[in-house]
Every structure is written in structure tokens, then in C-alpha cells.
Amino acid sequence: MNHEQSRALYDRALSVMPGGVNSSVRAVRPYPFFVQKGDGGHVVDADGNRYIDFVMGYGPLLLGHDMPEQVQSAVQQRAAEGPMYGAPTEVEVELAEFVTRHVPSVEMVRFVNSGTEATVSAVRLARGYTGRDKIVVMQSGYHGAQESTLVEGEGDHTAPSSPGIPESFAEHTLTVPFNDPDAARDVFDEHGDDIAAVLTEPILGNYGIVHPVDGYHETLRGLCNDHGSLLIFDEVITGFRVGGLQCAQGKFDIEPDITTFGKIVGGGFPVGAIGGKSEIIEQFTPAGDVFQSGTFSGHPVTMAAGLETLRYAAEHDVYDHVNGLGERIRSGLQDILEEQAPEYTVVGTDSMFKVVFTRDGPDTFEGHCEAGCQQRPECPRYDHCPKDGGDVKQAETERWERLFWPAMKERGVFLTANQFESQFICDAHTAEDVDDALEAYKEAI
Ligand SMILES: *Cc1c(COP(=O)(O)O)cnc(C)c1O
């Protein structure tokens with residue numbers, strides 16, 4: 001593969017953009033390929049190389065790179081009529097109605113412009129609603145580039161994980177390991193009266209894909225109920241992907257008080273949203289007192305793209321298709337690992353998948369989850385598969401990033417840039433794409 005154009009573009013980019021990119025994760029070593037265009041389930045780079053794309057914009061592209069006719073014409077019409085106005089439009093109401101109709105816990109929704117903005121606003125809302133300051137997050141959970149959740153450390157011994165964030169922000173953030181009900185109980189025993197909210201992804205999607213153990217979300221739900229705290233599900237990745245239109249909360253049958261959305265709900269354009277019970281969401285200004293505002297919020301082009309994408313998914317067998325291929329790739333990967341790397345773990349559900357390069361495994365492959373770790377206690381892998389972000393960090397992350405990722409790229413398969421980020425099937429992928437990717441995995445693992 002020739003990468004001369006990408007190399008030259010990166011050279012120029014390094015002079016004018018920090019690290020040569022606009023989002024850190026894109027700066028793969030030694031340099032990223034620059035995308036020229038998307039094509040269904042593939043991308044083509046500046047040198048004309050073609051890749052099967054499992055990055056899918058890091059999650060937003062449920063349908064792949066070719067917008068169906070109804071999405072394309074809605075987007076073009078909105079853009080042609082003047083992109084935005086500073087006054088409300090019908091399409092915002094229609095998308096809000098669609099979301100509240102399908103997502104079990106959501107009665108009202110406020111649209112914003114990114115997942116980060118959604119989680120920032122959700123935390124402010126929870127603090128405003130409860131009159132409390134502390135929030136509980138999962139160690140190594142990811143909620144965007146926001147001050148309150150960029151923390152490291154355990155329990156109440158937390159510190160900012162980036163320069164530029166005052167220590168005092170981290171003072172109000174408590175951390176617990178995902179999937180550890182006892183740690184959650186302990187933190188509520190000590191700080192329960194001060195906790196505004198627990199903020200978690202229903203499935204960790206930015207840290208290896210970690211499925212919840214049975215009963216974990218019920219424990220969090222119960223603790224929040226007992227202490228007057230709110231449960232916030234960050235469904236920025238899982239929303240309209242896991243569990244289809246009802247999202248992960250429908251799949252797991254848990255009703256959070258607040259849900260954050262992003263990615264798919266904007267159909268590939270910049271978006272975020274905060275949804276929940278009316279009583280809580282109406283605390284946002286101008287209905288209530290918790291300040292929330294944005295020039296671009298509810299942007300008509302984004303709203304049209306999100307609405308038509310979700311309508312298309314509702315009217316076609318999109319979720320059956322992507323989930324079926326998800327199962328095909330996860331079970332294919334399982335077969336490859338059994339032969340070549342029995343210590344590694346296949347993770348993921350619905351249209352999310354990843355191989356975590358775990359360092360040890362059980363002696364037998366019998367009785368394993370067949371298409372991605374579901375944290376079944378009776379599985380022989382149960383004690384070896386990652387239970388939280390810390391376990392994923394212990395995997396062979398350098399091997400994944402420095403040897404495996406480039407080997408897949410050279411074989412025409414575009415994966416997310418490190419061990420931690422989820423990969424995605426889209427509606428444009430075919431069984432042939434999956435089988436081609438499995439051949440590449442066979443050679444590269
Ligand atoms: C991507 C993501 C975010 C941040 O969204 P941006 O649009 O990148 O700001 C927040 N939470 C989760 C779970 C995400 O996956």
C-alpha cells in the first residue's frame with residue numbers, strides 16, 4: 001500500500017493543527033491515513049486505498065457512508081433553505097417526538113451539539129435538581145472531554161486526569177470500578193446524602209466493551225432510589241445501537257432518570273441530547289432555573305439527518321442486519337481465537353465488537369459465550385474476561401496498537417485506533433465484508 005499523499009497531508013497538518021488532528025484518537029502512529037471519501041461500508045484514502053470501515057466515525061454511522069435517499073434529500077433540502085435560524089423549527093419537534101416515543105424513560109429531550117455537551121449538561125441538571133454536588137462515575141469510564149469526569153483515582157481519592165483542570169473539580173467526583181456492586185454500596189454508605197447522581201454507560205463502549213454483570217444496573221438503580229440520587233445512563237454510544245430504537249435501557253429493562261445521547265441520533269452530524277422524565281428535564285432554562293443554551297442546538301440539518309436515519313431504521317430491517325453481522329463476526333473471531341490465541345477475549349453485543357488481548361484464559365473453550373462476552377457466571381472464561389476498565393488496561397495494549405492495528409490496516413481493514421474503543425457494523429456491511437475481515441484477523445492475530 002502506498003501512503004504518500006496521507007504522509008504529505010500529515011506533514012502539512014502538523015504545522016497548523018496540534019498533533020496534526022482535531023481529535024486525539026485519530027493520531028495513529030506513525031501517521032494516520034487521510035480519508036478522501038466514504039463508500040457504503042468502506043472508506044477510500046487520499047492515496048486511493050480502500051478499507052472495510054469498522055470505525056464508522058467512532059459510532060455515529062448506523063447506516064454507513066451512503067445516506068439513503070430519504071436522508072440525503074432531507075439534509076439537502078434543510079441546507080438549501082438556509083442552514084439555521086435562531087428560531088425553533090418543526091423538525092426539532094419531530095425528532096424529540098420520535099425519541100420520546102421509542103426510549104422507555106424519556107418523556108422530554110433537550111438537543112445540544114455533542115456528547116460532551118450532553119454529559120456536561122446532564123451533570124449540571126442532576127446537581128441543580130438534587131441540590132447536591134457529588135457525582136459517581138466508573139473508573140476509566142468515558143463521558144467526553146468534560147471537567148467533572150476527567151478524573152483518575154479510586155473512591156474519594158480522585159485527581160484531575162489532565163492538566164488544566166483545577167483539583168477542586170475532582171473533589172466532587174467519586175469513582176468506583178464498573179461491575180463491582182460492593183464498591184458502589186461503600187461509596188453510598190459514606191457519601192450517599194451528598195451524591196447528586198451516578199453517571200455510567202450501560203455497557204462500557206470506550207474501554208474495551210465491558211458488558212454489565214447480572215444485577216449490576218439494578219444495584220445502581222436501587223442505591224440511587226434509596227439515597228435520593230439520580231441515575232444517569234450515558235447512551236451516547238449505545239443509544240439507537242444496542243437494543244435498537246429502545247436503546248440499551250430497553251434491552252436491560254432499567255429506567256434511568258436522565259439519559260444522554262449523541263452519535264447516531266444526529267445521523268452523522270454533530271449532536272448530543274439530554275432526555276428523561278419531564279419533572280427533571282423541565283429544570284432546564286427557560287422552563288426551570290438550570291442554565292442551558294446553545295447557538296447551534298437543535299440544528300435543522302442535524303435534526304433532519306437524525307430523524308430520517310431513525311425513521312429509515314424503524315421502517316427497514318437495519319437492526320436485524322447489523323446485529324446479525326455482529327454475531328457473525330464475533331462468533332467467527334471466537335473460532336479464530338480458539339485456534340490461534342485462546343487467551344484473548346471476544347467482546348461486544350448487537351453491532352459492537354472487539355477482541356481484547358487479555359493475557360490469560362481458561363483451559364477449555366466449552367460452554368463459552370459464543371458471540372461475545374456476556375458475563376455469564378457459568379462460562380469457564382468468567383474469571384478471566386474483563387469486568388471493568390482496569391482489567392482492559394492490563395491487556396496487551398501495546399501489541400494491539402503497534403503490531404495488530406497496522407497489520408489489519410495493511411490488509412484493508414480499518415479498526416478503531418487502540419485496544420479500548422469499540423468497533424461497529426453498519427447497515428452497508430455485507431456478509432462478504434465480515435468474512436474478508438475475518439481472513440485478515442486470521443493472518444494478523
Ligand atoms: C463519544 C462519547 C461521548 C462524547 O461525545 P462527543 O460527541 O465526542 O463529545 C460521551 N460519552 C460516551 C459514552 C461516548 O461514547
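Buried area is taken here as the accessible area, for a 1.4 Å probe, that two parts lose on being put together, summed over both. The structure is a predicted model, in which local features need pLDDT of at least 70 and side-chain atom pairs count only at pLDDT 80 or more, whereas totals for chains, interfaces and linings use all residues. Residues are numbered from 1 along each chain as its sequence is written, and side-chain values use heavy atoms, with hydrogens and water left out.

The domain assignment, whose bounds come from an automatic or database source, divides the protein into domain 1 (4-66 + 318-444) and domain 2 (69-315). The C-alpha centres of domain 1 and domain 2 are separated by 25 Å. Contact, defined as heavy atoms within 4.5 Å, involves 35 residues from domain 1 and 32 residues from domain 2. Between them, domain 1 and domain 2 bury about 2600 Å², and 63% of this area lies on carbon and sulfur atoms. One salt bridge is counted between the two domains, the criterion being a side-chain nitrogen of Lys or Arg within 4 Å of a carboxyl oxygen of Asp or Glu. The side chains of K251 and D350 form a salt bridge with an N to O distance of 2.7 Å.

Secondary structure was assigned from DSSP runs, numbered from the N terminus, with helices (H or I) of at least four residues and strands (E) of at least two. Two strands are regarded as paired if DSSP finds at least two bridges between them. An open sheet of seven strands, with mixed pairing, follows the order β4-β12-β11-β10-β9-β5-β8. Strands β4 (108-112) and β8 (173-176) occupy the edges, each with a single partner strand, so one side of each has no neighbour in the sheet. From one strand to the next, the twist averages 20 degrees; axes are lines fitted to C-alpha atoms, for helices over the stretch in contact, and angles run from 0 to 180 degrees between N-to-C directions. Strand β5 (residues 134-138) runs parallel to β8 and is joined to β8 by four bridges, with I135 opposite T173 of β8.

Two helices that pack on this sheet may be described in turn. Helix α4 (residues 115-130) touches β4, β5, β9 (195-200), β10 (230-234), β11 (258-262) and β12 (272-276), and its direction makes about 165 degrees with that of β11. Helix α6 (residues 181-191) touches β5, β8 and β9, and its direction makes about 150 degrees with that of β8.

The loop between β10 and α8 (247-252) contains L245. With a relative accessibility of 14%, L245 counts as buried, the classes being buried under 20% relative accessible area, exposed over 50% and partly exposed in between (1.4 Å probe, protein chains only). Apart from neighbours within four places in sequence, L245 contacts F98, H102, V103, F240, L310, A314 and Y319. The C-alpha atoms of L245 and T295 lie 28 Å apart, at a sequence separation of 50 residues.

Strand β14 (residues 352-356) is mostly covered, with five of its five residues buried. On one side of β14 these are M352, K354 and V356, and on the other F353 and V355. Three bridges join β14 to the antiparallel strand β13 (residues 345-347), and V347 has K354 as its bridge partner. The hairpin of β13 and β14 has four residues between the strands, and G348 in this hairpin adopts a positive phi near 125 degrees. Strand β16 (residues 423-424) is also antiparallel to β14, through two bridges, and F353 stands opposite Q423.

The salt-bridge criterion yields a count of 15. One of these links E401 and R29 at 2.9 Å, N to O. E401 belongs to helix α13 (residues 397-410) and R29 to the loop between α1 (4-16) and β1 (35-39), so the pair ties together parts that are 372 residues apart in sequence. Both residues are partly exposed, E401 at 26% relative accessible area and R29 at 46%. Also in helix α13, E398 and R402 are four residues apart, or about one helical turn, and their closest N and O atoms are 2.4 Å apart in a salt bridge. R376 and E378 meet at 3.6 Å, N to O, in a further salt bridge; R376 is partly exposed at 27%, whereas E378 is exposed at 58%. A network of salt bridges links E94, E308 and R311.
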